[in-house]
Structures are given as C-alpha cells and as structure tokens.
Amino acid sequence: MPPIIQREQCAVCGLCVEICPMNVLEKDKDKIIVKYPEECWHCRACAIDCPRQAIRMRYPLSHLLLHYEVEKDGVKK
C-alpha cells in the first residue's frame with residue numbers, strides 16, 4: 001500500500017522524494033508520483049518531513065493488527 005499524495009496540498013517541493021530511503025516517490029514536472037508503491041516500507045519519512053502535511057499513509061492490514069502480550073509461566077513475552 002503506497003503513500004497517498006494529496007495534490008491540493010502538495011507544493012511539489014520534492015523533499016519527500018529526497019528523503020524516501022527506498023526511492024518510492026518521483027518528482028514529475030508539476031506533481032509528485034508514487035512510482036514504486038510495492039517498495040514502500042511505510043517508514044513515514046515522507047509524511048513526517050512534508051512541510052505541508054500533503055502525504056497520508058495507507059497501511060496494509062498486516063500493519064494494523066494489534067499486538068498482544070501473553071503470559072507464559074507468569075512472565076510476559
């Protein structure tokens with residue numbers, strides 16, 4: 001699941017393209033495109049550093065599952 005660029009908020013500054021560790025994003029003339037959506041690690045670097053908060057993350061279901069701690073022999077694992 002790739003990041004979502006909110007075009008109406010995006011200034012096309014290219015900071016997200018520079019900061020993405022997997023080169024998922026690309027600056028294309030007057031817009032930012034998600035060129036390699038399957039490569040996204042969902043690290044949120046692009047969304048965190050965007051000066052206009054123009055990037056939302058869409059997480060795969062596996063990232064949304066809850067983490068439960070279970071006790072085994074009285075010790076939380």
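Helices, in the sense used here, are DSSP runs of H or I with at least four residues, strands are DSSP runs of E with at least two, and both are numbered from the N terminus. The exercises below concern a predicted model.

**Exercise 1. Locate histidine 42 relative to the helices and strands, and decide whether histidine 42 is buried or exposed.**

Solution. Begin with the position in the chain: histidine 42 belongs to neither kind of element but sits in the loop that runs between strand 3 and helix 2, the latter covering 45–49. Next, take the relative accessibility, which is 12%; since buried means under 20% relative accessible area, histidine 42 counts as buried. Finally, look at the surroundings: once residues up to four places away in sequence are set aside, histidine 42 touches Met1, Met57, Arg58, Tyr59, Pro60 and His63.

**Exercise 2. Describe how strand 2 and strand 3 pair, and place lysine 31 within that arrangement.**

Solution. First establish the pairing, in which strand 2 (residues 25–28) and strand 3 (residues 31–34) run in the antiparallel sense and are joined over 4 bridges. The hairpin that these strands make has 2 residues between them, and there lysine 29 adopts a positive phi near 50°. Lysine 31 then falls in strand 3, where the residue standing opposite is aspartate 28. As to exposure, lysine 31 has a relative accessible area of 35% and is therefore partly exposed, because that class lies between the limits of 20% and 50%. Among residues beyond four places in sequence, lysine 31 contacts Arg7, Val12 and Glu26, while the C-alpha atoms of lysine 31 and alanine 11, 20 residues apart in sequence, are separated by 8.4 Å.

**Exercise 3. Identify which residues touch the most other members of the largest nonpolar core, and follow the contacts of cysteine 46.**

Solution. The largest nonpolar core holds 15 residues, and those touching the most other members are Cys16, Leu25, Ile32, Cys46 and Ile55. Helix 1 (15–19) and helix 2 each contribute at least two residues to this core. For cysteine 46, leaving out neighbours within four places in sequence, the contacts are Pro3, Cys16, Ile19, Leu25, Ile55 and Met57.

**Exercise 4. State which residues form a nonpolar patch on the surface, and classify leucine 61 by exposure.**

Solution. The patch consists of Leu61, Leu64 and Leu65, which together have about 350 Å² of accessible area. Leucine 61 is placed in helix 3, residues 61–64. With a relative accessible area of 62%, and with exposed meaning over 50%, leucine 61 is classed as exposed.

Technical notes:
Residues are numbered from 1 along each chain as its sequence is written. This is a predicted model: local features need pLDDT of at least 70, side-chain atom pairs count only at pLDDT 80 or more; totals for chains, interfaces and linings use all residues. Side-chain values use heavy atoms; hydrogens and water are left out. Two strands pair if DSSP finds at least two bridges between them. Buried means under 20% relative accessible area, exposed over 50%, partly exposed in between (1.4 Å probe, protein chains only). Contact means heavy atoms within 4.5 Å. Patches are made of residues with over 30% relative accessible area and no salt bridge: like charges are joined within 9 Å, nonpolar side chains (Val, Leu, Ile, Met, Phe, Trp, Tyr) within 5 Å. Accessible areas come from the Shrake-Rupley method with a 1.4 Å probe; for residues, only the protein chains shown count as cover. A salt bridge is a side-chain nitrogen of Lys or Arg within 4 Å of a carboxyl oxygen of Asp or Glu. A nonpolar core is a set of buried Ala, Val, Leu, Ile, Met, Phe, Trp, Tyr and Cys residues joined through side-chain atoms within 4.5 Å.
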